Amino acid sequence: KKRRKSIMKCRILSLIVAIMAFGAQANADGMSHILQQIKQNNTLLKALNADIEAQAAEIRSSNNLSDPSVDGAYLFGAGKVGDKWEIGISQGFDWPGIYSARGKANNARIDAINRSYGKQQIEILMQAQNLCLEIICLNRRIAFEQRILANLDPLYTKSMKGREYGEISIPDTNKLKKERLGMTQTIASNQTLLEAKIKELEALNGNIALEGVRTLADYPHQTLRALPDYLEEMKAIDPELLQIGSEIDASNKQVSVSKMQNLPKFSLGYRHVNEIGDHFNGVGVGVSIPVFENRGKSKAAKAQAIASQLAFDNALNNRSAEITSQH
């Protein structure tokens with residue numbers, strides 16, 4: 001029961017240390033090295049990074065010009081009028097300024113997606129750091145229990161000699177033997193738990209063996225700062241807030257794009273006509289008035305911008321309350 005209570009205290013301490021000073025890894029080189037390995041080898045982060053690159057490429061492709069169009073016709077004349085044919089190629093494009101506006105909105109969307117990687121990375125590294133702290137706790141506890149066992153061994157040997165001379169009773173000897181056996185079993189149980197925690201940590205490292213994990217023995221040194229320091233730092237580095245902030249930026253820029261989409265679209269091309277042996281060359285120009293295609297898009301973009309801002313305010317309030325409570 002005492003052992004379980006001690007382990008629980010170590011876990012609570014681990015959580016407090018991890019939450020309050022995640023960035024202070026310079027004070028624990030061993031842990032910092034382990035976390036760096038996990039950042040490089042974690043399979044979920046690798047998959048997420050590849051997915052983000054694919055999403056970014058797809059978003060950028062939305063700002064390309066439309067494909068050129070080729071058309072032609074062959075017309076049969078009645079009687080002796082003769083036939084004629086024509087061919088043309090044209091390129092359509094939106095209002096010129098919309099490409100720049102859409103590019104800025106796309107960059108903001110890509111930035112928001114990249115922020116999601118930072119959020120996932122922090123969550124994985126927090127999980128890894130908590131496991132490191134549990135490993136430190138178990139290593140220290142096993143070392144402490146081994147010192148106790150080392151002290152029990154000579155006592156047990158002396159008690160057995162004392163029992164031979166009748167100086168120590170059999171119940172006292174058996175009690176010491178039971179304490180010695182119980183400590184041996186406790187050490188074995190903690191070593192089994194230690195191996196399980198190491199396997200959990202290596203699973204986060206893509207099931208690759210971690211350097212220095214078995215020698216973790218010291219907690220990182222932490223100094224509790226004033227609450228406002230943590231709240232200000234949270235606003236600057238919290239990945240979830242940064243992600244929502246980028247989404248707000250993208251939504252606001254999309255509002256500008258949706259307004260510009262109501263402006264005319266153009267097409268410009270070359271045409272060649274052959275009529276009764278005569279050849280005509282010229283330029284074709286077309287204008288498209290977006291009466292129906294973009295209906296409601298501006299309203300939807302404004303609603304999305306408002307939703308993103310409300311999500312940011314909600315996340316900021318929740319995170320501030322969480323940090324205040326932990327502090």
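Here is a walk through this model, from its overall layout to its core, two of its helices and a few individual residues.

Keep in mind that this is a predicted model. The protein has eight helices and four strands. Reading from the N terminus, the order is α-α-α-β-β-α-α-α-α-β-β-α, so helices start and end the run, by the definition of elements used here. Out of 327 residues, 33% count as buried.

Let's start with the inside. In soluble globular proteins, nonpolar side chains tend to be buried together. Here, the largest nonpolar core has 28 residues. The residues with the most contacts inside that core are Ile-34, Ile-38, Ile-135, Leu-201, Val-213 and Leu-216. Where does the core come from? Helix 2 (29-41), helix 4 (97-164) and helix 5 (170-204) each give it at least two residues. Helix 4 provides the largest share, with 13 residues.

While you're on helix 4, have a look at Thr-157, which is found in that helix. Thr-157 is partly exposed, with a relative accessible area of 44%. Its C-alpha lies 9.9 Å from that of Lys-177, and the two residues are 20 apart in sequence.

Next, go to helix 6, which covers residues 227-237. Which of its residues are buried? They are Tyr-230, Leu-231 and Met-234. Looking down the axis of helix 6, you'd find these buried residues within an arc of 100 degrees, so they line one face of the helix. The face turned away from that buried side carries Pro-228, Glu-232 and Ile-237, which are exposed.

Further along the chain, helix 7 (residues 239-260) packs with helix 8 (residues 297-326). Their axes are 8 Å apart and the angle is about 165 degrees. Because that angle is over the 145 degree cut-off, helix 7 counts as roughly antiparallel to helix 8. As for handedness, helix 7 passes helix 8 in a left-handed crossing. What kinds of residues make up the contact? By class, it has 10 nonpolar, nine polar and six charged residues.

Now for the loops. Ser-66 is in the loop between helix 3 (43-61) and strand 1. Ser-66 has a relative accessibility of 41%, so it counts as partly exposed. Ser-66 and Phe-93 are 27 residues apart in sequence, and their C-alpha atoms are 6.7 Å apart in space.

Val-81 sits in the loop between strand 1 (69-75) and strand 2 (84-93). Is Val-81 buried or exposed? Its relative accessibility is 52%, and so it counts as exposed, given that the cut-off for exposed is over 50%. Val-81 also has a partner in space from another part of the chain: Glu-275 is 194 residues away along the chain, and the C-alpha atoms of the two are separated by 9.8 Å.

One last stop is the backbone at Asn-207, in the loop between helix 5 and helix 6. Most residues other than glycine have a negative phi. Asn-207 has a phi near 60 degrees, a positive value in a residue other than glycine. With a relative accessibility of 65%, Asn-207 counts as exposed.

Note on methods
Residues are numbered from 1 along each chain as its sequence is written. This is a predicted model: local features need pLDDT of at least 70, side-chain atom pairs count only at pLDDT 80 or more; totals for chains, interfaces and linings use all residues. Side-chain values use heavy atoms; hydrogens and water are left out. Buried means under 20% relative accessible area, exposed over 50%, partly exposed in between (1.4 Å probe, protein chains only). The arc is that of the directions from the helix axis to the C-beta atoms. Axes are lines fitted to C-alpha atoms, for helices over the stretch in contact, and angles run from 0 to 180 degrees between N-to-C directions. Angles under 35 degrees count as roughly parallel, over 145 as roughly antiparallel, 65 to 115 as roughly perpendicular and the rest as oblique. A crossing is left-handed if the near helix is turned anticlockwise from the far one by less than a right angle, and right-handed if clockwise. Ala, Val, Leu, Ile, Met, Phe, Trp, Tyr, Cys and Pro count as nonpolar, Asp, Glu, Lys and Arg as charged, and the others, Gly among them, as polar. A nonpolar core is a set of buried Ala, Val, Leu, Ile, Met, Phe, Trp, Tyr and Cys residues joined through side-chain atoms within 4.5 Å.
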